[in-house]
Structure formats: C-alpha cells, structure tokens
Amino acid sequence: MVHDVRHVPNVPLLPGAVLLGSVPLCARARPTVVKTFWLLVRAGFRRHSTYRLALLAGMTTNSVFGFIRASILLAALASAGTSIGGYDAPTAIAFVWWGQALLGTVNLWGFAEVKDRVRTGDIAVDFLRPIDPQLAYLAGDLGRAGINLIGRGLPAILLGALLFDMAPPPSAVSWAAGAVSVLLAVVVAFAGNFVINLLAFWLVEIRGITLLWMITGGLLCGLYLPVPWFPDWLRTVAHWSPFPSMLQNPIDILAGRVVGTDIASAVAVQVFWALALLGLGQLVLRAGRRRLEVQGG
Amino acid sequence: MADVTLTERLRPYRVLLASRARAQMQYRTSFVTDILGTVGVGLAEFAEVWIIFHNVDILGGLDFTSAMLVFALSNLAFSLADMFVGHLDQLPRYIRAGQVDAFYVRPLPLLAQLMTSDLSLRRIGRLSVALVVLTVALTRADIDWSPATVALIVLTVVSGTAIFSALFTAAGGLQFFLVDGAEFTNAFTYGGSYAAQQSQQVFPDPLRIFWTFVVPTAFVAYIPAVAILDLPGDHLTPHWLAWCTPLAALLAWGIAGLCWRLGTRHYQGAGG
Amino acid sequence: MSIDSAIIETRDLVREFKKTRAVDRMTFSVAPGEAVGYIGANGAGKSTTIKMLTGILKPTAGHVRTCGLDPMRQRVEVARRVGVVFGQRSQLWWDLPLRDSFAILGAIHRLDDQATRARTDLLVEQLEMGPQLGTPVRSLSLGQRMRAEIAAALLHSPELLILDEPTIGLDVLSKQRLREFLVAERRERGTTLLLTTHDMGDIERLCDRVLVVDHGRLAFDGTLTGLAGTVGAQRVLVIDLAAPTADLDDVPGATLVESESDGLRQRLAFDAESTTVAAVLAHVSSRHEVRDLTIEEPDIEDVVRLIYAASSRT
C-alpha cells in the first residue's frame, strides 16, 4: 500500500505567502474575493504545470500500478465467478483506472506546507492578508488538482479505456455528477489535511498523527480495493469516516456502479464532509490564531 | 597499511551505520512513532490480501495461506532492502546538499558511502509484521519440511533482499540523469514490490515475462513459494526455478551496476 | 622545483560544459608548503578547477596531477592526502555531537582510535573548540562550524588543504582566529594551502601567491603587491594635518588625489614600486605638522576588475 505513498510528486501545495502576496494589501484596488480566488487557482495551476517531467514520471507509476491492480481485481472476479460487491469486470476496470486518474488530483497523502509555516511562525503573515488563509490554500489546491487531472488523470483514463474493457460513465448525468463529485473529493481531502496540519499549533510533533491519517485514509478511501468489498464491520468504519468521500464516491459515480437517486446520496455525503471539515478548519484556524496572538507571534 | 583484514576494511562502514542508528534513536518518541507507523503500513498492506480473500477462496491458484506466504516473503525482502538502501532513490537530495561531492573527497567508494549514509531502522515495524505473517503462514501451511525446504526459505529471503537492493541501486544510478525522476523509478521499486506480493498467475503472460525476466521480482516470493508449498506450478514456474533466485539477483545487480556506472560517469562528466 | 614534487600541477586544463568553457587551458603548479589564493568572480571556474583537482569532475582535456596522482583514476589515494573544506556545505554529521564527527572521520581515514583521539585533541585545542565537542553540529554557530570543518579536514594530516570560501559570513573575530590558525598550521606542518575566497583580507594574511581566474582563464599568477602593481593600482596615504595646508602636490613619487576641509585632510596616491609610505610621510612631516594618517590599500575588487579589463583586452 505504501508503494503508492511516494507515488505522488513531492511538490508542495503552494507557497501560501507567495500567492497571498500577489493579493494587494492596499485599499486602492481591492479585488473581489471571487476574482482573488480565481487568480490564486490559476497561479496554483501554472506553478504545477512546470513539473512536466514529474507528470510524465507519474504517468509511468500510474500505469504500472494500474496494470497490477487491474490484474488482481480481474483475477478475483474470475475466481468468484460472479460480481463482487456490485462490481463486474468492466466496472472493476473502471474502478482501477479512475482511481489511478484521481490519485494525483485528490491530495490523499497530504501536504506539509501549512504545518511548516505554523512551525516557523510564517503563518502570521497569512493572517494579515485580506483573504482567509483556508480559502487561499484551498484555491491553490484546486489549481494543483486541475493540472493533475489533465496531466495525470487524462492519460490514465485513456490508457485504461484503450487497453481494457472499461465501463464508461453510463450517462451524461453520471459525467456531470462525477465532475461535481471529483471537485467535492478534492475539497474534502484538502479540508481534512488542513485540519491535521493546523494541529501543529498545539503539538510539537504531528508526525504520528499524519502517519495515522495517511495509513487509515489510504485503506478506507477505496484506493486499493473497493470499499464495498470490505467485511461489514470495516465497511461501517469506513462510512463513518470522510475517506470514502475522497475517492470511492466519485469513482462509484464515474464507473456507473452508483446510478439514479443513489448518486444524489453519494454526493450529499461528500457535501456533508466538505462542509463539516471546512467548518472545523475555520474553528481550528481561529483557535490557532488566538493561540499565536497569546504567545506573541 | 599492507595487510588490511576484512574487519578493518569494513570498520568505516560499521562506524557510519552505528552513527546513523544512534542519531535515529536519539528522540525516543519520534522513533517509536515511526516504528508504529511502519507497523501500520505493514498491517494495511496485509489488509489488502485479507480483504480479497474475504471475498474469494482462491486467487491466482493460491489459497489464503499460500497468499500469506507470498506476501510475507516479498514484504520481508523489501523491508530489509528498504531499511538498508531504501534511501538511494533520494539521490537528487544528496546532490543538492553537496553530499555527493563530500563523498568524493573521502577515501571510500561512492556507492558504499551512499549506502551507509542512512539506515531506516523504523522499517523494523513493517519487517516485524512480515515476520509474523511468515510464521503464521509456515505453520498453517501443509509443508513437507526438510533441510532443503529450510535452505530454500533462507536463500529466498537473502536473494530477495538482494534483488530489491539492486532495484534501489539502479534507481539511484538513474537519478543522476533524471530530474525529478524519482517517481519514475518508483514504478519499478515500489511497483516491483507490489507485483512481487501477488500470485504471478493473476498477470497476463507479457506482464509475467516482464516481472520474471526483466524486473525479476517474481523470484522474490511467488516462484519460491510454489516450490516450498509444493504447489502445481504452471509453464512459467517449474519448481527448480525457485533455486535460481540467486541468479536473478545476479542479473538484477548486473543491471544495477550498469545504471550506477552510467550515472556516476554522467555526474563526473566522463564519457562526454 | 621539479614537476614530480609539485603538490598541484595542471597543464592546459580544460573543462567544457555544453557550449561553454568553464576552465580554459589553465596551467599552473603549486609547490609543497605554498599558500595560494584563488580569486575570481562567481562562475569564473574556481569550483570547477577544484573539482578536477579532487577527482569529482573529469577534465575535457589537459593534464592534472594532485600530489603526483591522477585525481580521476586514483581518487581514493588523493583523498587520503588532501583535505577539503567546502564553505557553503558541511561535511560533518549535523545530528550528532561534534566529537562523533571526528570519530567517524577517523574511522573513514583508517586511523586507529588512539591516533584519532590524539589528532582530535590537538586540533580542538588549537582551534579552541573544547566546549563545543558535545554540541550537535546543527547547533553550532557559523564561526564554530567553520572551525570544526577545518579541523575535520585536517584530521588525517593531509599534505594539501583546499578551502572553498571558508570565511564567508564570518564575523571579524572569527575570521582572524581562523587565519591565525591556518598560518600556524602552515608554519608548523608545512601544509600546502589552496584558498578560494572573495575576502581580500584572507589573501593578504594567508597567501604569498595569488591566482586570478577570469572566465576560465588564468589572468594573473604572482604576488599580491605584484597584482596591484600590474594594473597600476595605487596605495593611498590619507594625511590629517594640524592646520589648513596648501595642496601637497610636490611630494616626489606621489600624486595628490584630493584635498578636504581646506587642506586639513589630503589624499596622496603613490606607487609602491617608486616610493614608500615612510618616504612620503617623511617629506610631508618635515614641512608640516601631521596629526594622523591612514593607508588605504587599492580596493582589491577594483584591482581584480582592472585585471579582468586588462585580460579581456588581450
């Protein structure tokens, strides 16, 4: 499982201060929040597009792991003789390749940038900017997700579709809902990681927590095996966590395993987790800011 | 300095490794956390196998116990290799820090210094999980125990570790050429490990040829396991092949040596 | 000095990168016991030459020998005889106490424990590093770290010590101590010194010979005074007089550069080859009352710039 951990490029989220720095402090030409947000998304996009070789390398890793995983799932299905957990061969293939495609887009493994800035105290600068730090970092992450979706995701899907019998999204509704679901997945993953990073305000060493987050997340998000294949108790545990919303849900919609009204509930769960974690992030951020001020940051 | 014994030759490396161990164990809590982390990784990897067999009885011709053996052998070899030379694919970091130049002005070979420059003791967590699974698998399986079987197991672990170490070394050598290319080699080091812990029968033939004769990770676990468990092999896994793991290791090291040579020559500007 | 006994010897040394020549037909030798300063702008080829001397880089063409050995083919042998200090990068183990670094290096250089301890004690005493032995290297100040790096480089008693920008970022006191130590090291053990630096103070205190490198080519090889003299750079005597004085434009061998505050302070430039400070001072003080004086050396940056200008014209 950890074979995928170093699989995602070690590129930092974005230098919050650099991008936030592009936002003018003066009142003379204060752009709207929306415009600023868009600027930051674009900057995040551009920044990550320079890592072309890294994207190519990512493609290779995607392909290798995709092939192996596809082989395993197909063999399992062949052995079972029937579908497992609602997956037949084409949907299983779709599961594998959508998983590989979204792996770089959704930031499952987290980022260290915010925690580093908290540690060094640079986070204080972020608080001075006219845009909310959480929003700013989210914007950057969306930009990063965008470039990864195109650079890594698209080739992975093409590869899977061309070389395998892959189930396509059954309808335009699935495509649209899938897109929304992917966006929500990015937000959920970001929001969760953001909260974890902020724990650096209170804990000297958050290594253990980060590790735990990565390991449980990796297992429960449905990257290696579909969550519906889990034993009942483990599946329950997964559904009580935000992790399936990061990967399993969008995959389910795009692979066509979830259709009709079930799509609505899948998306609803994601919306819940997105709002909950973003909200939690705001609370923790405020608490962190208070702590910084109290300590004389 | 005429007659330098082997112990004396190895002394610098012992000292270097000991210093790395000391440095890592300095911060008890972090160290323990890291070990627990790799235990978690090992367990999560095992969960994958366990979940599949929750849904099927046989995968690629192996039952759960046999799959456990394959898992254990591959994870054991990989953990050992990762512990000793896993840091080799981080070569660009060493270059950027000027460490490679510092190695060049010391009277020791570059690769040896690089290998002994780190020792990931925390991998012991994952190693332990592999050992436990190995014990369980060997106990549960219906094995015709003999000195030959024991010898095969030991040979497999040693050669398997050698094969993965070769992969890491080749990755390191290639890092001299590739910029931000650590990810590329991950496909074969970590990908190779992932492939090794599966029954090779799940792969279509071209892929099987690749993982047996190009990046020979099939020799790390599956081929020996088939022989140890006395399972019916197929056209690509006759039992005698299990004893050829050392040959696979030699092949892997041949490639690794080549990659390393090319890499250092490139770094030193030799050969155009 | 025969070729065989030279510590460093290069002949028409060339190193090309893609389209540029980082080192362009450098020829020079360094005899044992010399202290050579190596000046040049950033990118002039200094680090590249050092890399070729130590076996890190292979020359594109030309001949190089360090301690009589081929650095590429006999890198390990060369490493036993040479100590290198990279100013910007550390060769110590940053997460362990300083004494551990010395112990490890002793093992690397195959010194037995006793020899390692003896050398460590000696160097630590000379560099006044006693209190720092138990400190992790990452906690050392820059000055302390540089002293430690030099001690580490000298642990195996090398014949040649190469220092790449060793005093960069150090305060004046640290620089002074470092220089004093190196002077003593040369004197007592005859270690040859090759020093890359931008600090002219280093060159003046430590080196008896200067190599100026410009765009990969050796623009000058001689003494520092010779250097200034070559490009016609002059020393300036700044004289403060007791009372306003008329222009001192009649001093033999000296030219009046400037007269300030109604003649209270006057600057006289003079050529070191044709006259001395003492002579100029004697002439002036025999006619006027001198309150104070300072000597301004030619700004070496200006000297070097003049060198570059001169060499690019040739």
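# A three-chain model, starting from one hairpin

In chain C, β11(C) and β12(C) form a hairpin with 4 residues between them. C:Ser261 sits in the turn and has a positive phi of about 50°. This is a predicted model. The report works outward from that hairpin to the rest of chain C, then to chains B and A.

## The sheet around the hairpin

The two hairpin strands run antiparallel, and 6 bridges join β11(C) to β12(C). One bridge can be named: C:Leu256 has C:Leu268 in β12(C) as its partner.

Strand β12 (residues 265-270) of chain C also pairs with strand β10 (residues 235-241) of chain C. That pairing is antiparallel too, and 6 bridges hold it. Here C:Asp240 finds its bridge partner in C:Arg265 of β12(C).

How many strands does the open sheet have, and in what order? There are 4 strands, in the order β11-β12-β10-β13 (chain C), and the pairing is antiparallel. β11 (254-260) and β13 (290-296) of chain C stand at the edges with a single partner strand each, so one side of each has no neighbour in the sheet. From one strand to the next, the twist averages 20°.

A helix covers these strands. Helix α9 (residues 277-287) of chain C lies across β10, β11, β12 and β13 of chain C. Relative to β13(C), helix α9 of chain C runs at about 155°.

## Two chains side by side

Chain C has 10 helices and 13 strands. Chain A has 12 helices and 0 strands. From the N terminus on, the elements of chain A therefore read α-α-α-α-α-α-α-α-α-α-α-α, as runs of helix and strand are numbered from that end. The table sets out burial and contact range for both chains.

| Chain | Buried residues | Contacts at least 24 apart, among those at least 6 apart in sequence |
|---|---|---|
| Chain A | 54% of 297 residues | 84% |
| Chain C | 44% of 314 residues | 67% |

The C-alpha trace of chain C spans about 70 × 50 × 35 Å along its principal axes.

## A helix pair in chain A

Helix α8 (residues 172-198) of chain A packs with helix α11 (residues 248-255) of chain A. Their axes lie 8 Å apart, at an angle of about 170°. α8(A) and α11(A) are therefore roughly antiparallel to each other.

Which residues meet in this pair? From α8(A) come A:Ser174, A:Ala177, A:Gly178, A:Ser181, A:Val182 and A:Ala185. From α11(A) come A:Asn249, A:Pro250, A:Ile253 and A:Leu254. By class, the residues of this contact divide into 6 nonpolar, 4 polar and no charged.

## How the chains meet

There are 2 pairs of chains in contact, and chains A and B share the most contacts. In that pair, 34 residues of chain B are in contact with 37 residues of chain A. On the side of chain B that touches chain A, α2 (28-55) and α9 (182-196) of chain B each give two or more residues. α2(B) gives the most, with 13 residues. This side of chain B has 18 nonpolar, 12 polar and 4 charged residues.

The contact between chains C and B takes 23 residues from chain C and 20 residues from chain B. On the side of chain C that touches chain B, α2 (75-81), β5 (82-86) and α3 (98-108) of chain C each supply at least two residues. That side has 12 nonpolar, 4 polar and 7 charged residues.

What joins chain A and chain C? No contact does; their closest C-alpha atoms lie 17 Å apart.

## The nonpolar cores

The largest nonpolar core has 243 residues. Those with the most contacts inside this core are A:Val188, B:Leu73, B:Ile163 and C:Ala151. Helix α3 (residues 64-85) of chain B gives the most to this core, with 15 residues.

C:Ala151 touches C:Leu123, C:Val124, C:Leu127 and C:Met129, not counting residues up to four places away in sequence.

A second, separate core has 10 residues, including C:Ile239, C:Phe270, C:Val280 and C:Val284. This leads back to the opening sheet. Strand β10 of chain C covers residues 235-241, and strand β12 of chain C covers residues 265-270. Helix α9 of chain C covers residues 277-287.

Methods:
Residues are numbered from 1 along each chain as its sequence is written. Chains are lettered from A and ligands numbered from 1 in the order in which they are written. This is a predicted model: local features need pLDDT of at least 70, side-chain atom pairs count only at pLDDT 80 or more; totals for chains, interfaces and linings use all residues. A residue is buried if 20 or more other C-beta atoms lie within 10 Å of its own, exposed if 12 or fewer, and partly exposed in between; C-beta atoms are placed from the backbone. Two residues are in contact if their C-beta atoms, placed from the backbone, lie within 7 Å. Ala, Val, Leu, Ile, Met, Phe, Trp, Tyr, Cys and Pro count as nonpolar, Asp, Glu, Lys and Arg as charged, and the others, Gly among them, as polar. Two strands pair if DSSP finds at least two bridges between them. Axes are lines fitted to C-alpha atoms, for helices over the stretch in contact, and angles run from 0 to 180 degrees between N-to-C directions. Angles under 35 degrees count as roughly parallel, over 145 as roughly antiparallel, 65 to 115 as roughly perpendicular and the rest as oblique. A nonpolar core is a set of buried Ala, Val, Leu, Ile, Met, Phe, Trp, Tyr and Cys residues joined through C-beta atoms within 7 Å.
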